[in-house]
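Please find below some comments on the model, set out as numbered points. They start with the arginine in a loop and then move through the rest of the chain.

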Amino acid sequence: MLKRKIMDVLVGWKAEKSKKCLLLKGARQVGKTFIVREFAKQYYDNIVELNFFIRPEFKDAFEGSLLMDDLIKKITSIDNSMRFTEGRTLLFLDEVQECGNARTALKPIAEDGRFDCIASGSMLGVSYKNTRSIPVGYEKQVEMYSLDFEEYLWAVGYEASHIEHLKEYFDGRKPVPKAINDAFMEKLREYAVVGGMPSVVNIFLETKNFGLVHEEQKGIIASYLDDIAKYASRSEKPKVRKCYASVPDHLARENKRFMYSAAEKGSNAQKLENSLEWLADAGLVKICGNVTSPFFPLPAYSRAGQFKVYLTDIGILNAMYGPEMKNSFYMNTLAGPAKGGIYENLVADILLKKNVPLRYYRLPESMQEVEFLLTKGENIIPLEVKAGNGRTISLDNYITRYGPPYALKLISGNVGMNGRKLTLPLYMALFL
């Protein structure tokens, strides 16, 4: 079984004294259903699982009264094998986006307090038009992603002690021995090709076959396109598809800022903004906003209308480029802006799965930009990503202009310090 950090989040939620219902959201096939079942197996006597997509008849149980006793009567009338034991049963409302009233029911379920409840869904931009009310104050939202790089390392056989040993070089600002550095750079490229979708990782673990990995990834992409066809409004469907398909093209350009006109000729924010928000709601993309000034707090300096878009799973991005590009990237023979875009999305993948807000900065009256800005206390730390180990003119100019306590440069090389600039191998984004 793949070890997932989200299990600790679920255990922490269970221990809360004043417990809200948990809304576990995220893109399809990131492992939400599996982890909830495993959680229930370890911490409850039984689980009452209602999947509104597989068994739509359960929607009827959420018509009329939503009081817990009435829900129990209706659910057990539909399926008399369901058993509710006070304090020892987990109620699991899966694919909750299919039943708006089920989300409304989170309030009376939380108020009743006899049963822990987790609702799960991909959200998919659903507006819940049929929902009586959103249970504000009665649900705790947690976003789940595919496996992060550390979870991937666990899956392929690395122990926590190996990663702790690696972190000693990070903490001590010491160069990593070449053999170890080369091994982790190779694993990072491997992760970029395989990604973190559980079914894809399992296929790779079983076969070590990148071809089979690619076929599974194509199936996941096809399922996302099916979801667009199913959930997006008629007018939005073609626009959502175009926005999604354009992300790899944007990242392969020298200027990686998202341009509506590049997603669809002649388009603008007014026409495509909702489509991009739909993809973000579905958990398929993350927006990296630009800021006008790199000062604390960063959200106060957001620049409307300027942003980059990253996919939430690096393996899916590489799958959209195709097997030839994947092979070239893994073998480290790929060159040009596309290579830089893949590494940029790879670092974004690592950061967003650590719940780090994604923001970048472009120097005034210049094409120079710093890929990411991190916040440490009230300090803003610039982070530049390099596919190789070339010069960092943008970062150097940033340091001169703003004098940060230190700056970070991620490269394909090793650890080093030059003035305020700390150079790290790309895989050490794991420790940021």
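1. R173 sits in the loop that links α7 (160–172) to α8. The model is a predicted one. Although R173 is not a glycine, its phi is positive, at about 55°. With a relative accessible area of 37%, R173 is partly exposed.

2. Confidence should be read before any local detail. The mean pLDDT of the protein chain is 94, and 97% of the residues score at least 70. The exception to keep in view is residues 125–129, where the pLDDT is below 50. Beyond near neighbours in sequence, that stretch has ten contacts in the model.

3. Two further residues deserve a look for their backbone angles. Most residues other than glycine have a negative phi, and most peptide bonds are trans. E95, in the loop between β3 (89–94) and α4 (100–104), has a positive phi near 55°. E95 counts as buried because its relative accessibility is 14%, under the 20% limit. K208, just after α9, also takes a positive phi, of about 55°.

4. The peptide bond between F296 and P297 is cis, with omega at about -5°. P297 belongs to the loop between β6 (285–291) and β7 (302–311).

5. How do α8 and α10 cross? The axes of α8 (residues 178–194) and α10 (residues 210–231) come within 10 Å and cross at roughly 40°. The two helices are therefore oblique to each other. On the α8 side the contact is made by E190, V193 and V194, and on the α10 side by F210, V213 and Q217. By class, the residues of this contact are four nonpolar, one polar and one charged.

6. Helix α9 (residues 198–207) has P198, V200, V201, I203 and F204 as its buried residues. The cover over these buried residues includes α6 (149–155), α8 and α10.

7. Which cysteine sulfur is nearest to that of C21? The sulfur of C117 is, at 4.3 Å, and C21 is in no disulfide. The count for the model is zero disulfides. C21 is buried, since its relative accessibility is 2%. C288 is in no disulfide either, and the nearest cysteine sulfur, that of C243, is 17 Å away. C288 counts as buried at 0% relative accessibility.

8. L374 is part of strand β10 (residues 372–376). Its relative accessibility of 12% means that L374 counts as buried. Apart from neighbours within four places in sequence, L374 is in contact with L351, V356, N379, I380, I381, L383, L408 and L432. A119 is 255 residues from L374 along the chain, and the C-alpha atoms of the two are separated by 32 Å.

9. Is K409, a lysine in strand β12 (residues 407–411), buried or exposed? At 8% relative accessibility, K409 counts as buried. Outside the four places on either side in sequence, K409 has contacts with E384, K386, N389, G390, T392, L395, K421, L422, T423 and L424. The C-alpha atoms of K409 and I221 are separated by 32 Å, with their positions 188 residues apart along the chain.

Methods: Residues numbered from 1 in each chain as written. Predicted model: local features only at pLDDT ≥ 70, side-chain atom pairs only at ≥ 80, totals over all residues. Heavy atoms only, no water. Axes fitted to C-alpha atoms, helices over the stretch in contact; angles between N-to-C directions. Helix = DSSP H or I, 4+ residues; strand = E, 2+ residues; numbered from the N terminus. Parallel < 35°, antiparallel > 145°, perpendicular 65-115°, else oblique. Contact = heavy atoms within 4.5 Å. Nonpolar A, V, L, I, M, F, W, Y, C, P; charged D, E, K, R; others polar. pLDDT = per-residue confidence, 0-100. Disulfide = S-S within 2.5 Å. Buried < 20%, exposed > 50% of the residue type's maximum accessible area, 1.4 Å probe, protein only.
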